[in-house]
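Visitor: Could you take me through one part of this model up close, residue by residue? I'd like to know what touches what, and then how that part sits in the rest of the assembly.

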Amino acid sequence: MFSLATLLVVIAMAMTLIRAVRGPTPYDRILAVNVHGTMTVLLIALAGFLTDRPDFLDLSLAYALLNFVGTLAALKFFKHGHLGEEQ
Amino acid sequence: MERLHVIVLVILLIALAVTLVRLRSLLAIAILTGVYSLIMAVVYTLLDAVDVAFTEAVVGAGITLTLMLAAISLTTRRETKPGKRKGQRIVGAATAIVAGVALIYATTDMPGLGIQDAPIHRHVAPYYIETGPTETGVPNIVTASLASYRGFDTLGEVTVIFTAGISVMALLWRWGKDDR
């Protein structure tokens, strides 16, 4: 059961990866990367149950917190063209 | 089954690495490097190196994209075409291949994943497990190793972290200046 779910998540990761590589606009890439990060969180949580160590859940929670740092930085960059300069 | 997942993820990694080499848009490269780090972190987690995985995720997916974007905003968005000189490219390819082959050769010496009588488990670990609680008086073996057997090492680490904290404070804290 968990094994099948993990496999499906890996396939979903591959699909988001294709979107991230093909683009064509940066927004496609950002979205794909964000979804990919979510898939990573899911995969680590599932891997924890797969190997009978549900304490991996903490790890995936921390990854979920990390996931949008890069996304926020990228979106700020696309909006302003820089990451905050001297006014 | 777990091994199959690792293999699939490594195939994804190789495909991604080839794409990264071929891409010319630095923005796309910066974004995709984050994906590379995330997949790498999952591989580390599946191989039971949770601490390495976490460092990879924090540095690779968390801060690198931000730093790369800052660098791109100060420089340029597109990579120039690589040099047309044939010698240059051959030297680059040769360096990469030699380094790769050397690394792969080095792994042939390593004990198998999770093998019980690997040198690291036979050398000093049994001694620490056996005499740790009585010798140090600390019931938790991890604490005993960190605070007693590796006390100086831990002191060094704490010094590094303390220095980093002071540096961040010095950078963020605008001493006495009120020019907002």
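Guide: Let's settle one word before we go in: two residues are in contact, or touch, when they have heavy atoms within 4.5 Å of each other. With that cut-off, and leaving out residues up to four places away in sequence, B:Ile141 touches B:Tyr128 and B:Ile129. Keep in mind throughout that this is a predicted model.

Let's stay with B:Ile141 for a moment. You'll find B:Ile141 in helix 7 of chain B, which covers residues 141–149. Is B:Ile141 buried or exposed? Neither label fits: its relative accessible area is 37%, and buried means under 20% while exposed means over 50%, so B:Ile141 counts as partly exposed. Now look back along the chain to B:Glu130. Eleven residues separate B:Glu130 from B:Ile141 in sequence, and their C-alpha atoms are 9.8 Å apart.

For the wider setting, the domain assignment splits chain B into domain 1 (1–80) and domain 2 (116–180). Taken over C-alpha atoms, the centres of domain 1 of chain B and domain 2 of chain B are 29 Å apart.

Next, move along to B:Arg150. The side chain of B:Arg150 meets that of B:Asp153 in a salt bridge, with 3.1 Å from N to O. B:Arg150 also forms a salt bridge with B:Glu157, where the closest N and O atoms are 3.9 Å apart. Through these shared partners, B:Arg150, B:Asp153 and B:Glu157 are joined into one network. How open is this trio to the outside? B:Arg150 is partly exposed at 40% relative accessibility, B:Asp153 is partly exposed with a relative accessible area of 40%, and B:Glu157 is partly exposed at 39%. A search over all chains of the whole structure turns up two salt bridges.

What about salt bridges between the chains? Across the interface of chain A and chain B, the rule finds zero of them. Polar contact there comes to one residue pair, with both residues at pLDDT 80 or more. What chain A brings to that interface is spread over helix 1 (2–22), helix 2 (26–50) and helix 3 (56–80), each of which supplies at least two residues of the side that touches chain B. Helix 3 of chain A gives the largest share, with eleven residues. By type, the residues on that side of chain A divide into 24 nonpolar, nine polar and two charged.

As for the extent of the interface, 35 residues of chain A are in contact with 36 residues of chain B. The area buried between chain A and chain B is about 3,000 Å², and carbon and sulfur atoms give 82% of it. Looking for the main contributors on chain A? A:Leu17, A:Tyr63 and A:Phe77 supply 17% of the area that chain A buries against chain B, more than any other three residues.

A:Tyr63 is a handy way into chain A itself, since A:Val41 lists A:Ser60, A:Tyr63 and A:Ala64 as the residues it touches, not counting those up to four places away in sequence. A:Val41 lies in helix 2 of chain A and, at 16% relative accessibility, counts as buried. A:Leu65 is 24 residues away from A:Val41 in sequence, yet the two are 9.8 Å apart in space, C-alpha to C-alpha.

Last stop: two threonines. A:Thr6 is found in helix 1 of chain A and is buried, with a relative accessible area of 1%. Leaving aside neighbours within four places in sequence, A:Thr6 is in contact with A:Leu43, A:Leu46, A:Leu50 and, over in chain B, B:His5. A:Thr16 is also in helix 1 of chain A, and A:Thr16 is buried too, at 13% relative accessible area. With the same sequence neighbours left out, A:Thr16 is in contact with A:Ala32, A:Val35 and A:His36. There is a polar detail here as well: a polar atom of the A:Thr16 side chain lies 2.8 Å from the backbone oxygen of A:Met13.

Notes: Residues are numbered from 1 along each chain as its sequence is written. Chains are lettered from A and ligands numbered from 1 in the order in which they are written. This is a predicted model: local features need pLDDT of at least 70, side-chain atom pairs count only at pLDDT 80 or more; totals for chains, interfaces and linings use all residues. Side-chain values use heavy atoms; hydrogens and water are left out. Buried area is the accessible area (1.4 Å probe) that two parts lose on being put together, summed over both. A salt bridge is a side-chain nitrogen of Lys or Arg within 4 Å of a carboxyl oxygen of Asp or Glu. A polar contact is a pair of N or O atoms within 3.5 Å; within protein, one must be able to donate a hydrogen and the other to accept it, and residues adjacent in sequence count only if both atoms are side-chain atoms. Helices (H or I, at least four residues) and strands (E, at least two) are DSSP runs, numbered from the N terminus. Ala, Val, Leu, Ile, Met, Phe, Trp, Tyr, Cys and Pro count as nonpolar, Asp, Glu, Lys and Arg as charged, and the others, Gly among them, as polar. Buried means under 20% relative accessible area, exposed over 50%, partly exposed in between (1.4 Å probe, protein chains only). Domain bounds come from an automatic or database domain assignment.
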